[in-house]
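Q: Hey, could you walk me through this one? I'm new to it and have the picture open.

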Amino acid sequence: MAVRLGLWAAGLGLVAAVAALPAEAQTPKRGGILTYVIPADAPPSFDAHRETTYATIHAAAPYYSVLIRVPPDNPASTTEFVCDLCTEMPTPTDSGKTYTFKIREGVKFHDGSKLTAQDVATSWNYIVFPPKGVTSARVSYYEMVDKVEAPDDTTVVFRLKRATTAFLPALADPYTWIYKKEILEKDPHWYEKNVMGSGPFKMVAYEVGQSIKGERNKDYYHEGQPYLDGIIGIFADKQSVRVDALRADRAAIEFRGLPPSARDQLVKEGGKDIVVQDSDWNCGNILTPNHKKKPFDDVRVRRALALAIDQWKGAPALAKIANVRTVGGIVFPGSPLAATKAELEQMAGFWPDIEKSRAEAKRLLKEAGAEGLKFELLNRNVDQPYKFVGTWVIGEWKKIGLNVEQKVVPTGPWFSNMRAGTFDVAMEANCQSVVNPVLDTGKYLPYKVYPENYGGYDDPKSVELYDKMQTETDPKKQREDMRAYEKHTMDTMVHEIVLLYWYRIVLARSYVKGWKISPSHYLNQDLANIWLDKSP
Amino acid sequence: MHRYIVTRLLLAVPTLAGAAALVFILMRLIPGDVCVIRMGAGGAHVDQSMVDLCHQQLGLDKPMILQFLNFLWSYVTFDFGTSMWSGNPVTHEIALRLPVSLEVAIMATVIAIVIAIPLGTISALKENTWLDHVVRVTAIAGIATPSFWLGIMSLILVLNISAMTSGKPWMPPIDYVPLWQDPIRNLSMVLLPAITVGYRYSAVTMRLTRSAMLEVMREDYIRTARAKGLLEQIIVNRHALKNALLPVVTLIGIEFAFLIGGLVITEQVFNLNGIGRLLVQAVQNQDNVLAQALVMLVVAVFVVTNLVIDVLYAWLDPRIRFS
């Protein structure tokens, strides 16, 4: 089976090829324990409302339910959402400002108590409107929400300030676990150290930095699921350990994603025992010039930086060694709101004729008095793909006479430099979970509106274009508005240079069935639909 | 002797205080912020109001001097605080990892002693023979080979050999089980890292044992012992080796202390959840409270090890008296 996820893969025309997914035609088997590796040391806490790391998701998502989610049997879809705790996806009323969800009856928490709409509404209220002293990492995602109410035990109503296409994808965020109202109200920090949800598995043991173990939840509300008797997640930070563990069958799958070299090695060594699923990733590197530093305050210089990079030629070459593959704009390439190849080719940095592009870059540098410019590229000390992409970009810049040094620092100083504005050009990443173009592209707004934009620019026009796009509910018009915002960001002002989208490669033992890859390592991680095609 | 030990322990207090001040300052010199890393490292949006709340909850909004005084006071009262990253008590975080590091360190030390002292002695006694050359080459190779590289190579070797012989690649378990729960599983996980670390450790010790023995064997009292007609075995074991062991014991002690917190990469290669890995995580996450506690733990281990070494000196060489 091959899945077409994106549009412009490395000049090949298609992106994702699922190498081996023979599960569809088979009937799931019950039983067995799935051992998987989690590429982290340990989650900082189990409270998904406050955390942002995949370590929390990979460790504890199987123990929780959510209101809605991406479809587990088609998680690659960027537009489809299905119920988990609700009974059917609602049609919005009140001109798209009210969403009424009916909650399943008979759902039980792992302590045996009944889950009602009150638990759902309270959990959501803690996410959207955290009480004093409570951390919620996603308050800004739900800025459009006015109220969350539970008029009775089976109904939850979301009232929005305005109709927006960003709401449903935001609602399907994988971190929005449903907690028990009674516990939350008694101690809002309880879930940081404890696990008690209503998901397909019940946690039975946790050893910090070692493993987390769960057993089948017999009362799970999705009929027949989960198929497994239990799960064991082993924390293994080092990539070589995870690869060796897959080879020696100490672990059956790693859900985050491994680089192409690991794929090639494992496929060569494991043969038919190893299967590969791959997909475009809703994460991408971006270059942020510091507008507060000369000469990066000059749009000609920023434009030259973009024009020098041959993304079309670089993509297939880099894809051989790094977790990147697809050329795209500010919107994830698999989304209906994403730019087509023809649209991309109109913008700086995506011209089809690279010689013409570089000649223009040199002309602009000369005009701006920045020929032979020397500067530093601030990069994060993460191999895949930051350092690979950084090294490639420097090589591209050298072709127009720029002399760039890569300053690679650990995550702490990397953030610190960007937040303090002490850099020339920074290599960043925009990494999201559910594909939600309206919210995902907020990253490119000026820092006064979006404080985590480290470019240091102010641009009312950019805000105006974004607002127009985000309030538009007609898909066709919204797409046009998105193009205008994208062109302004990447071409007219070149506030940011969007580089290649990451590529997710998930390796598993061939007996692991039922799980399908999504464009994010945060999605589809409750493991309810996984089954093992082997004797116990 | 008792008085000496008490004096040494009292002298450890300023050492620990100095180390505490140093680590406190150094951790704060690293640019970065635990709250920002926690909220934004995945590439997600970081809400400033949540960062501020996090600072407030961790006490990072207080003046630096107040933070330092709180830190000192917490150590005086033996309250080492809670990890800024996980929220767990630091003692809990350390208690989880210490047995793993201790087990590897002890096993590596035993392996090193068992290999190094006999081979170093033989090498000295058979100076410039083929046996001496073999031991010296082995020792130099051990010193030159980083133990993490050896670890990676040994894992690959185990995987490939098992794949070739049985058709199924095998590697040690990657989740730790305590020795008393499942000795076979525990040893199959810990033995390989202990050997790879122990080999380098033994190589250094072997070299030192050899040179110390060579020196001692040329001493007048050894010549006197021979002149008295003592058996060579008695001369070596009772007179030479005991004296030659003084610097070797120092080295073994220091290496052991180093192993408690220094097996960073080896622990990663074998997925051992030990102190070295925890220290690296703490520094990467800018978890100052945990990093400070871990450094203090390593300092304390060094202080205690040095004390034990000094006491051993008296046993090995009765001429040494503590006053």
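A: Sure, let's begin with a proline: Pro385(A) sits in helix 12 of chain A, which covers residues 383-398. Keep in mind that this is a predicted model.

Q: What's the peptide bond from Gln384(A) to Pro385(A) like, cis or trans?

A: That bond is cis, with omega near -10°.

Q: And what about the bond from Gln225(A) to Pro226(A)?

A: The bond joining Gln225(A) to Pro226(A) is cis, and its omega is near -5°. Pro226(A) belongs to a loop of chain A, the one between strand 8 (211-216) and strand 9 (230-235).

Q: Why point those out?

A: Because most peptide bonds are trans, and most residues other than glycine have a negative phi. On the phi side, look at Asn524(A): its phi is positive, about 60°, although it is not a glycine. You'll find Asn524(A) in the loop between strand 17 (512-513) and strand 18 (531-532) of chain A.

Q: OK, zooming out. How many helices and strands are there in chain A?

A: Chain A has 16 helices and 18 strands. Its C-alpha atoms fill a box of roughly 70 × 55 × 40 Å along the principal axes.

Q: How does the radius of gyration of chain A sit with that of a compact globule?

A: The two agree: a compact globule with 536 residues would have a radius of gyration near 24 Å, and chain A has 23 Å.

Q: Show me two helices that pack together in chain A.

A: Try helix 15 (residues 460-471) and helix 16 (residues 475-492) of chain A, whose axes come within 8 Å and cross at roughly 160°. That angle makes helix 15 of chain A roughly antiparallel to helix 16 of chain A. Their crossing is left-handed.

Q: Which residues make the contact?

A: From helix 15 of chain A you have Lys461(A), Ser462(A), Leu465(A), Tyr466(A), Lys468(A) and Met469(A). Helix 16 of chain A brings Gln478(A), Asp481(A), Met482(A), Ala484(A), Tyr485(A), His488(A) and Thr489(A). Sorted by class, the contact of helix 15 with helix 16 of chain A has six nonpolar, four polar and three charged residues.

Q: Now the other chain. How many helices and strands does chain B have?

A: Chain B has 13 helices and zero strands. Its C-alpha trace spans about 85 × 65 × 35 Å along the principal axes.

Q: How is chain B divided into domains?

A: Domain 1 of chain B runs over 35-79, and domain 2 of chain B over 93-321. The C-alpha centres of these two domains of chain B lie 38 Å apart.

Q: Any helix pairs to look at there?

A: Two, for a start. In chain B, helix 5 (residues 90-125) and helix 6 (residues 130-144) pack with their axes 8 Å apart, at an angle of about 135°. Helix 5 and helix 6 of chain B are therefore oblique to each other, and they cross in a left-handed way. Leu119(B), Ile122(B) and Ser123(B) of helix 5 meet Leu131(B), Asp132(B), Val135(B) and Arg136(B) of helix 6. Those residues divide into four nonpolar, one polar and two charged.

Q: And the second pair?

A: That's helix 9 (residues 220-227) and helix 10 (residues 232-262) of chain B, with axes that come within 11 Å and cross at roughly 150°. Helix 9 and helix 10 of chain B are therefore roughly antiparallel to each other. Here the crossing is right-handed. Tyr221(B), Ile222(B), Ala225(B) and Arg226(B) on helix 9 make the contact with Ile235(B), His239(B) and Ala240(B) on helix 10. By class, the contact of helix 9 with helix 10 of chain B has five nonpolar residues, one polar and one charged.

Q: Last topic: how many residues of chain A and chain B are in contact?

A: There are 43 residues of chain A in contact with 41 residues of chain B. On the chain A side, the elements giving two or more residues are helix 5 (190-193), helix 6 (239-247), helix 13 (411-420) and strand 15 (425-431).

Q: Which of those gives the largest share?

A: Helix 13 of chain A, with seven residues. As for class, the side of chain A that touches chain B has 18 nonpolar, 15 polar and ten charged residues.

Technical notes:
Residues are numbered from 1 along each chain as its sequence is written. Chains are lettered from A and ligands numbered from 1 in the order in which they are written. This is a predicted model: local features need pLDDT of at least 70, side-chain atom pairs count only at pLDDT 80 or more; totals for chains, interfaces and linings use all residues. Domain bounds come from an automatic or database domain assignment. Axes are lines fitted to C-alpha atoms, for helices over the stretch in contact, and angles run from 0 to 180 degrees between N-to-C directions. Helices (H or I, at least four residues) and strands (E, at least two) are DSSP runs, numbered from the N terminus. Angles under 35 degrees count as roughly parallel, over 145 as roughly antiparallel, 65 to 115 as roughly perpendicular and the rest as oblique. A crossing is left-handed if the near helix is turned anticlockwise from the far one by less than a right angle, and right-handed if clockwise. Two residues are in contact if their C-beta atoms, placed from the backbone, lie within 7 Å. Ala, Val, Leu, Ile, Met, Phe, Trp, Tyr, Cys and Pro count as nonpolar, Asp, Glu, Lys and Arg as charged, and the others, Gly among them, as polar. The radius of gyration is taken over C-alpha atoms; the globule rule is 2.2 Å times the number of residues to the power 0.38.
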